[in-house]
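Grab your viewer and try a couple of short exercises. Each one comes with a worked solution.

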Amino acid sequence: MANHANAMSKVKILVVGDSGVGKSSLVHLMCHGEALSNSSWTIGCSIEVRVHEYREGTPSQKPYFIELWDVGGSNSHKNARHVFYNPVHGIILVHDLTNRKSQLNLRRWLAEVLLREGSGSKTRTPLVEDFDAEQFGGFSQLPVFVVGTKQDQISEYRTSGRVRSCSLADECSADEIYVNSHDQRSLAPGSSNAVKLSRFFDKVIERQQTTTTTTARTDTGYSYLERENSMYRRNKSTSAFISMG
Amino acid sequence: MIGSMLVFFVGGWVWFVRKIFRDYEVHNTLVQLFFPMIFMLSCAMFELIIFEIAAVLESGSRYLYWQVVLYLMLVMLILVIPFYLCHCIISNIRMVRREWVNLLAMVTWGGFMMCFWKIGDPFPILSPQHGILSIEQSISRIGVIGVTVMASLSGFGAVNYPYTSMNIFMRPVTKQDIQAQERRLMQTLDVIVNKKKRVALAERERGIAKDGGSSGSGSRLWGLLRSVTTSSPQGESLAAIKQEVAALEELSRQLFLESVELQNQRERLEWAHTFQGRFFNFMGYFFSLYCSWKIFISLVNIVFDRVGRKDPVTKGMEIAVHWLGFDIDVQFWSQHTSFFLVGCIIVTSIRGFILTLTRFFYAVSSSKSSNIIVLVLAQLMGMYFVSMVMLMRMNMPLEYRTIITQVLGDLQFHFYHRWFDVIFLVSALTTMGILYLAHKQVNTSDKTESFYEPKW
């Protein structure tokens, strides 16, 4: 069985967001199909594995391992978090629907992951505080998914039931779902949330397949953005190198 | 006067929204209101002190303002904020239902008031001729709590500042150390991932087998037998793997925390090389001298039961006139220098307090308890500033002390100074002890780490 585990391909997806938004509950729900009973703050990184059928229902169906790396979001651990960020094939951004500031902070999270610079030292330029879609032009290779949690508690805080959708999701052309991490029906198979999620997983697997065939260089010590830029330049020069997707 | 109070209010509001509540959305605007209000009242008190020295406004109107500000402050500190605090704490506990929240809050608040009253008993604070509900009673008790907080903070700061800013205390951390630590962490995580993959595969195959078995033509009994026999050896090894995974996850958390600590050390070393770092290092030497002198003086004060009668300004003037032979107009200069000194003390202590508060809030808060913590901090801030006004009396020349004595009533100020010295000493010594232990523990763990090699 160990050989079998090593033979199956895998992708790595980061789950990031502010502290206390419900990432660990969400990941537990995704992988085990039930709500997490005892939630405590995540220190460092907690990894869960899920087996996902790529292209389910087609003849080319193939099982993949999806590693969900749930990174703890507390500010005091910011300078050591960067070790988890490389390599990564997809990002799930989690925000709390009852706390609008956690949604605004998603930009900072995206910038932190893409630049892989976790040190909070004061000498760092403020340029990297916010994520700007035009600035990171090459990022579009990395699939992003946005999840809003604590959907059941919205009614306590807002009189209007409508929730403003995340502008970051529109900018990245990412899918967005709202879940209640304590309710199994949020991600029940066949529901629209689950369909979007498996579409996202498929997209991540596709991108991972294309990146492994295009880049010949192994990626120790290079941030994601540097690799992207070099790949972009290479693709520009040799135009007929690869056809994406 | 009113204008300046409005300015303080707006300033406190802005500070609150921008800095303290940076990551949280405010659902309860009342909480958001209390904090700037206490800030405004405290700054108004300091402004009145400055006006006293600089002789702005009439003495009568100054007295009136004092009374107003003091009454407002007392009402908020004793009545309003504790009630809201109890309310918030109780509504955070999930077991209590909605209707009971208000009732329980009242009860808890009553208990709090009783405790508050009892605090005053063991201390010789009051002369017995005052009634129960006078200002002096409440101020004396607030003073006790505030002075305790202030003295422990000063003691902690006095020892901590040289420790963090002086280079001899920083341990050398090389890049190799950090990389080795990160490699260990990633190796542990890889092992965890592999084990989880095996578990996930096993569970998936068990699920497939169960589906296949139940839909087959065999009887239910046969399917049941098969699931029992095939799953038991698998089930045992799965349980063992899950236990290993739990142990490995705990190890990974420890490794991560150590790597955070190493990064912090590295950042401190980097900062020490910058201009600011070197300046602070230099100041650190002066500060350690000053702090040891202060500790010594407070020890002397306690042992010999001596409370200084003259403030530093007048004493400085006397020294200048008698020993150094300067011919200066004491009256004129004493007013300006005391104004300057008091202003400096006020500004630096407010700024230091604000910074400490912000950092403390970031370290401690979470989305659930943010409201509670804000209320606690507002309460502490109010008490801190009230007691600071009391202790400031020591630093001002005699002619300016009268207004404070007048306003705050006839309290035993000597007691407060002694209490401050005691708590300062205790807190400084405790901080020194804790820092010494932490320093030693980190040093020994560094040496043992080089022998540690994970064996899978």
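What follows are two exercises on this predicted model, one on a sheet and one on a surface patch.

**Exercise 1.** Work out the strand order of the open sheet in chain A, then place helices against the sheet.

Solution, step by step:

- Start with the order: the 6 strands of chain A run S2-S3-S1-S4-S5-S6, and the pairing is mixed.
- Now the borders. Strands S2 (45–54) and S6 (175–178) of chain A are the edges, each pairing on one side only. From one strand to the next, the twist averages 25°.
- Zoom in on one pair: S1 (residues 10–17) and S3 (residues 62–71) of chain A are parallel, with 6 bridges. For a handle on the register, take A:Val11, whose bridge partner in S3(A) is A:Ile66.
- Add helix H2 (residues 23–32) of chain A, which packs on the sheet and touches S1, S2, S3, S4 and S5 of chain A. Its direction makes about 165° with that of S3(A).
- Finish with helix H4 (residues 106–115) of chain A: this one lies across S1, S4 and S5 of chain A, at about 155° to S4(A).

**Exercise 2.** Find which helix of chain B gives the most to the nonpolar patch, and say why B:Val17 can count as a member.

Solution, step by step:

- List the members: B:Val10, B:Trp13, B:Val14, B:Val17, B:Leu30 and B:Leu33 make a patch of about 430 Å².
- Sort by helix: H1 (2–20) and H2 (29–54) of chain B each supply at least two residues. H1(B) gives the most, with 4 residues.
- Check B:Val17, which lies in H1 of chain B. Patch residues need over 30% relative accessible area; B:Val17 is partly exposed at 31%, so it clears that cut-off.

Definitions and conventions:
Residues numbered from 1 in each chain as written. Chains lettered and ligands numbered in written order. Predicted model: local features only at pLDDT ≥ 70, side-chain atom pairs only at ≥ 80, totals over all residues. Heavy atoms only, no water. Patch = residues over 30% accessible without salt bridge, like charges linked within 9 Å, V, L, I, M, F, W, Y side chains within 5 Å. Areas by Shrake-Rupley, 256 points an atom, 1.4 Å probe, with all protein chains shown as cover. Salt bridge = Lys/Arg side-chain N within 4 Å of Asp/Glu carboxyl O. Buried < 20%, exposed > 50% of the residue type's maximum accessible area, 1.4 Å probe, protein only. Pairing = 2+ DSSP bridges. Axes fitted to C-alpha atoms, helices over the stretch in contact; angles between N-to-C directions. Contact = heavy atoms within 4.5 Å.
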